[in-house]
Amino acid sequence: MSNSRIRTLGSREIGPGRPVYITGEIGINHNGDLDNAFRLIDAAAGAGCDAVKFQKRTPEICTPRDQWDLERDTPWGRMTYIDYRHRVEFGEDEYRQIDDYCRQKGIAWFASPWDIESVAFLEKFDVPAHKVASASLTDDELLRTLRSTGRTVILSTGMSTPRQIRHAVEVLGSDNIVLCHATSTYPAKAEELNLRVIDTLRQEYPNVPIGYSGHETGLQTTLAAVALGACFVERHITLDRAMWGSDQAASVEPQGLQRLVRDIRTIEASLGDGVKKVYESELAPMRKLRRVPGVVAEAEIAAAAGEPLTV
């Protein structure tokens, strides 16, 4: 097993043979409310997640100019789209509090910066990694800026062609990235998850750990991704799927998150090393249930005793 597939996220190593790194993606499901963010951090830490993730945007850069003045209904009344984008964005004061809170709770945090100013903003904190959202995979300038930070970069590959992914990997360099399979539909249908792409990516990028960023409803497909070898898993989390906001419906609620982490850890323990062996615990059932030991067993016993083999 090659060590070139191992990456460091803060104090944790991820990759083959290491525990799956589980991230609760808060994104903007906090709806601009720091209290919601703290409650989501509590849910993630309580479930045993390794990290929570946010999204960081400079609204004037990330919102197309022709959409700034479009009005929309929000929980805070009717407002322009650019005002709404500011309303759900946290500034440095809030992130300082998030940083302190995560430290108290023993959980890491990082974010997806959507523009270069946001990279500089996140660099004020000692985040374990940066995340590239699928929507940003084609933004070479952003990728080059992220590469220059020297931090591990997690790249989601939703809505992207194999050639676009290959180009992004070349821009980022393959030695400090984690690639995540993703389908960028919210929520994504089971028949469009195409989990076997995890294996395709693993063959295509032999030196890169492969993860999974899921936007489906339900947990079983994410568990299947772990069984297929994903060593990093990210799911959107919410306090309540019925809350206002575009990502809430494709998110996991606190109880579901607890089950997800518990079941990932069980699957991880059950996968083993792939070497067939007879366990100590099988010896008693073998003596009780196996009527005919068989010629191979007799030969193995003789070999262990140093006698000549007859098979």
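## Exercises on the aromatic rings

**Exercise 1.** State whether Tyr95 counts as buried or exposed in this structure.

*Solution.* In this predicted model, the relative accessibility of Tyr95 is 0%. The limit for a buried residue is under 20%, and therefore Tyr95 counts as buried.

**Exercise 2.** Classify the aromatic pair that Tyr95 forms with Trp109, and find where the two residues lie.

*Solution.* The first step is the geometry: the rings of Tyr95 and Trp109 are 5.2 Å apart, centre to centre, with 25° between their planes. Planes under 30 degrees apart count as stacked, and the pair of Tyr95 and Trp109 is accordingly a stacked one. The next step is location: Tyr95 belongs to helix 4 and Trp109 to strand 7 (residues 108-113), so that this pair links distant parts of the chain, 14 residues apart. Trp109 is itself buried, its relative accessible area being 4%.

**Exercise 3.** How many aromatic pairs does the structure hold, and how is the one between Phe54 and Tyr95 arranged?

*Solution.* There are twelve aromatic pairs in the structure. Among them, Phe54 and Tyr95 meet edge-to-face, with 5.7 Å from centre to centre and 85° between the planes. Because Phe54 lies in strand 4 (residues 51-56) and Tyr95 in helix 4 (residues 92-105), the pair ties together parts that are 41 residues apart in sequence. Phe54 is buried, with a relative accessible area of 0%. As a last step, the wider grouping can be named: Phe54, Phe90, Tyr95, Trp109, Phe121 and Phe125 form one aromatic cluster.

**Exercise 4.** Over which rings do the charged ends of Arg57 and Arg72 sit?

*Solution.* The charged end of Arg57 is placed over the ring of Trp114, 4.0 Å from its centre, while that of Arg72 sits over the ring of Tyr84, 4.5 Å from its centre.

Conventions:
Residues numbered from 1 in each chain as written. Predicted model: local features only at pLDDT ≥ 70, side-chain atom pairs only at ≥ 80, totals over all residues. Heavy atoms only, no water. Phe/Tyr/Trp six-rings, centres within 6.5 Å; stacked < 30°, edge-to-face > 60°. Helix = DSSP H or I, 4+ residues; strand = E, 2+ residues; numbered from the N terminus. Buried < 20%, exposed > 50% of the residue type's maximum accessible area, 1.4 Å probe, protein only. Lys NZ or Arg CZ within 6 Å of the ring centre and 35° of its normal.
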